[in-house]
Amino acid sequence: MVNKVVFSVKVHTAIDLSKLHRNLLEKGIFFVTVESLARDLSISTRSAGKILSKMCEKGLVMKCSKSTYRVLLVDGDRE
């Protein structure tokens with residue numbers, strides 16, 4: 001009989017929401033899904049959803065459907 005030991009490690013990384021917003025616009029991404037953000041950032045869909053919710057609170061994106069957000073132009077982006 002083999003005993004298996006499983007380790008769970010949580011890593012916390014700060015994300016600059018304004019920089020993420022700017023990068024999305026620079027790439028020409030005007031609609032983003034929870035799944036695509038999770039894939040691009042190599043994070044869970046739950047974390048991606050939390051990030052997009054925070055961006056929504058700050059007025060950087062607008063929720064269009066359950067998992068799709070529209071990237072908004074803010075005053076500083078129109079230069």
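Which residues form a nonpolar patch on the surface?

1. **The surface patch.** The answer is Val5, Phe7, Val9 and Val11. Together they offer about 510 Å² of accessible area. Keep in mind that this is a predicted model. Phe7 sits in the segment before α1. Phe7 counts as exposed because its relative accessibility is 71%, and the cut-off for exposed is over 50%.

2. **Phe7 and Val74.** These two residues are 67 apart in sequence. In space, their C-alpha atoms are 43 Å apart. Val74 belongs to the segment after β3. With 27% relative accessibility, Val74 is partly exposed. Setting aside residues up to four places away in sequence, Val74 touches His21, Gly59 and Leu60. One of these, His21, is a buried residue of helix α1.

3. **Helix α1, the buried face.** Helix α1 covers residues 17–26. Its buried residues are Leu17, Leu20, His21, Leu24 and Leu25. Seen down the helix axis, the buried residues of α1 fall within an arc of 135°, so they line one face. The general rule is that an α-helix has 3.6 residues a turn, so residues three or four places apart point the same way. The buried residues of α1 pack against three elements: α2 (34–41), α3 (45–57) and β3 (68–71).

4. **Helix α1, the two ends.** At the start of α1, look at Asp16. A side-chain oxygen of Asp16 comes to within 3.1 Å of the backbone nitrogen of Ser18. Just after α1 comes Gly28, with a positive phi of about 75°.

5. **Lys19.** Which helix holds Lys19? Lys19 is found in α1. Unlike the buried residues listed for α1, Lys19 is partly exposed, at 45% relative accessible area. Lys19 and Glu57 are 38 residues apart in sequence, and their C-alpha atoms are 16 Å apart.

6. **Phe30.** This residue lies in the loop between α1 and β1. Is Phe30 buried or partly exposed? Phe30 counts as partly exposed because its relative accessibility is 44%. Leaving aside neighbours within four places in sequence, Phe30 is in contact with Leu25, Tyr69, Arg70 and Val71. Leu25 is one of the buried residues of α1. Phe30 and Val61 are 31 residues apart in sequence, with 9.1 Å between their C-alpha atoms.

7. **Helix α2.** Which residues of α2 are buried? They are Val34, Ser36, Leu37 and Ala38. The cover over these buried residues includes α1, β1 (31–33), α3 and β3. The α1–α2 packing is thus described from both sides: the buried residues of α1 pack against α2, and α1 is among the elements covering the buried residues of α2.

8. **Ser42.** Just after α2, the backbone at Ser42 deserves a look. Ser42 has a positive phi of about 55°. Here the positive value occurs in a residue other than glycine. Ser42 lies in the loop between α2 and α3. Ser42 is exposed, with 67% relative accessible area.

9. **The salt bridge.** How many salt bridges does a search of the whole structure find? The search finds 1. The side chains of Glu57 and Lys54 meet in a salt bridge, at 3.9 Å from N to O. That distance can be set against the cut-off, which asks for a side-chain nitrogen of Lys or Arg within 4 Å of a carboxyl oxygen of Asp or Glu.

10. **Setting of the pair.** Why are Glu57 and Lys54 separated by about one helical turn? They are 3 residues apart in helix α3, so about one turn lies between them. Glu57 is exposed, with a relative accessible area of 62%. Lys54 is partly exposed, at 45% relative accessibility.

Note on methods
Residues numbered from 1 in each chain as written. Predicted model: local features only at pLDDT ≥ 70, side-chain atom pairs only at ≥ 80, totals over all residues. Heavy atoms only, no water. Buried < 20%, exposed > 50% of the residue type's maximum accessible area, 1.4 Å probe, protein only. Helix = DSSP H or I, 4+ residues; strand = E, 2+ residues; numbered from the N terminus. Arc of directions from axis to C-beta. Contact = heavy atoms within 4.5 Å. Polar contact = N/O pair within 3.5 Å; in protein donor to acceptor, adjacent residues only side chain to side chain. Patch = residues over 30% accessible without salt bridge, like charges linked within 9 Å, V, L, I, M, F, W, Y side chains within 5 Å. Areas by Shrake-Rupley, 256 points an atom, 1.4 Å probe, with all protein chains shown as cover.
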